[in-house]
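Hi everyone, thanks for making time. I'd like to walk you through a structure that's new to most of you, so have it open while I talk.

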Amino acid sequence: MSEPQGSESTRQLPVIEKTAENELGQATSAADYTPLPTLDDTEGGNGRFWSPRRIPAGVLALLVLAAAGLLLYDVVAVRADRPAMHWRRSLARELAERPLDDTWVLVGAGVATALGLWLLVLATTPGLRDILTMRRAHPDVRAGLHRNAAATVLRDRAMEVSGVRSVRVRMGRRKADVRAVAHFRELDDVRADLDATLADGVRGLGLVRRPALSVRVARPGRKG
């Protein structure tokens with residue numbers, strides 16, 4: 001009866017080592033890994049979701065509308081033989097008389113430049129950093145997973161490991177930071193099981209780009 005037990009133990013260990021080492025580039029006792037690229041990473045149409053930018057677009061539209069309406073009203077008033085508004089006369093006089101190296105001119109130019117750069121960044125970046133892109137199971141359907149939901153899934157998977165008392169998961173776009181507290185079993189054994197379990201959990205999320213995994217296991221702190 002000792003031979004079947006030995007054969008079972010030799011069947012289990014290589015399976016864990018092959019899964020962790022060949023597919024994820026890590027050993028079972030390692031605390032973090034760099035996931036290998038998949039074919040889904042290079043497929044077209046799997047990029048990040050783009051934010052509609054409703055608030056910046058609405059604010060900008062209101063400002064442009066107010067400025068254009070005020071300027072149009074002043075132009076119509078001048079055409080009707082009425083004097084131009086005081087602010088436009090003062091602005092024209094200041095622009096004509098004030099030198100370019102004046103402090104207020106430089107401040108106004110800096111504010112305008114910063115606003116323009118901010119608008120360019122909003123126009124060229126996708127936003128929605130809290131949504132992770134998932135692989136497409138159907139060409140006409142795009143799916144995304146919120147980072148909090150992904151962290152909850154990994155936390156539930158980690159709590160299934162024997163010896164784990166509590167788990168805290170911080171899910172980023174490129175890395176999942178897992179900190180677990182173990183109240184019994186050896187820390188190396190708990191960490192090895194967490195590595196294998198969480199690596200399988202990351203694969204199960206179905207993300208286009210699998211985040212790197214960092215696992216830290218510690219004993220609970222003493223009270224008092």
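**Strands, helices and charged pairs**

Let's start with β5 and strand β6, residues 212-218: they run parallel, and seven bridges join them. To get from one to the other, the chain leaves β5, passes through α6 and arrives at β6, and this β-α-β crossover is right-handed. If you want a spot to click on, find A176, which stands opposite L213 in β6. And before I go further, please keep in mind that this is a predicted model.

Now the other partner of β5. Strand β4 covers residues 164-171 and β5 covers residues 175-182; the two run antiparallel, with seven bridges joining them. What joins β4 to β5? That's a hairpin, and it goes through three residues. On this pairing you can look for S166, which stands opposite V181 in β5.

Okay, on to the helix in that crossover. Helix α6 takes in residues 187-204, and G204 is found in it. Is G204 buried or exposed? The relative accessible area of G204 is 64%, so we call it exposed. G204 and V153 are 51 residues apart along the chain, yet their C-alpha atoms are separated by 9.6 Å.

Let's stay in α6 for the charges. Side chains of opposite charge can pair when their charged atoms come close. D200 and R203 both sit in helix α6, three residues apart, which is about one turn of the helix. Their side chains meet in a salt bridge, 3.4 Å from N to O. The two don't get the same label, though: D200 has a relative accessible area of 34%, so it is partly exposed, while R203 is at 17% and therefore counts as buried, the cut-off being under 20%. Which residues are linked with this pair in a network of salt bridges? The network is made up of R157, E160, D200 and R203.

How many salt bridges does the structure hold? Eight. Let me show you two others. R185 forms one with D193, and the closest N and O atoms there are 2.8 Å apart. R185 is partly exposed at 28% relative accessibility, and D193 is partly exposed too, at 29%. Then there's R155 with D156, whose side chains meet in a salt bridge at 3.5 Å, N to O. R155 comes out as partly exposed at 34%, and D156 as partly exposed at 38%.

Last stop, the earlier part of the chain. The unreviewed UniProt entry lists residues 55-73 and 104-128 under "transmembrane region". So what does the model show over those spans? Residues 55-73 are 100% helix and 0% strand, with the end C-alpha atoms 27 Å apart. Residues 104-128 are 84% helix and 0% strand, and there the end C-alpha atoms lie 36 Å apart.

One residue to zoom in on here is D74, which lies in helix α2, residues 54-79. Buried or exposed, what would you guess for D74? D74 is buried, because its relative accessible area is 0%. Leaving out residues up to four places away in sequence, D74 touches A84, M85 and R88.

That's my tour, thanks for listening!

Notes
Residues numbered from 1 in each chain as written. Predicted model: local features only at pLDDT ≥ 70, side-chain atom pairs only at ≥ 80, totals over all residues. Heavy atoms only, no water. Helix = DSSP H or I, 4+ residues; strand = E, 2+ residues; numbered from the N terminus. Buried < 20%, exposed > 50% of the residue type's maximum accessible area, 1.4 Å probe, protein only. Contact = heavy atoms within 4.5 Å. Salt bridge = Lys/Arg side-chain N within 4 Å of Asp/Glu carboxyl O. UniProt positions renumbered as here; feature names shortened; annotations may be inferred. Pairing = 2+ DSSP bridges. Right-handed = clockwise from strand over helix to strand, strands pointing away.
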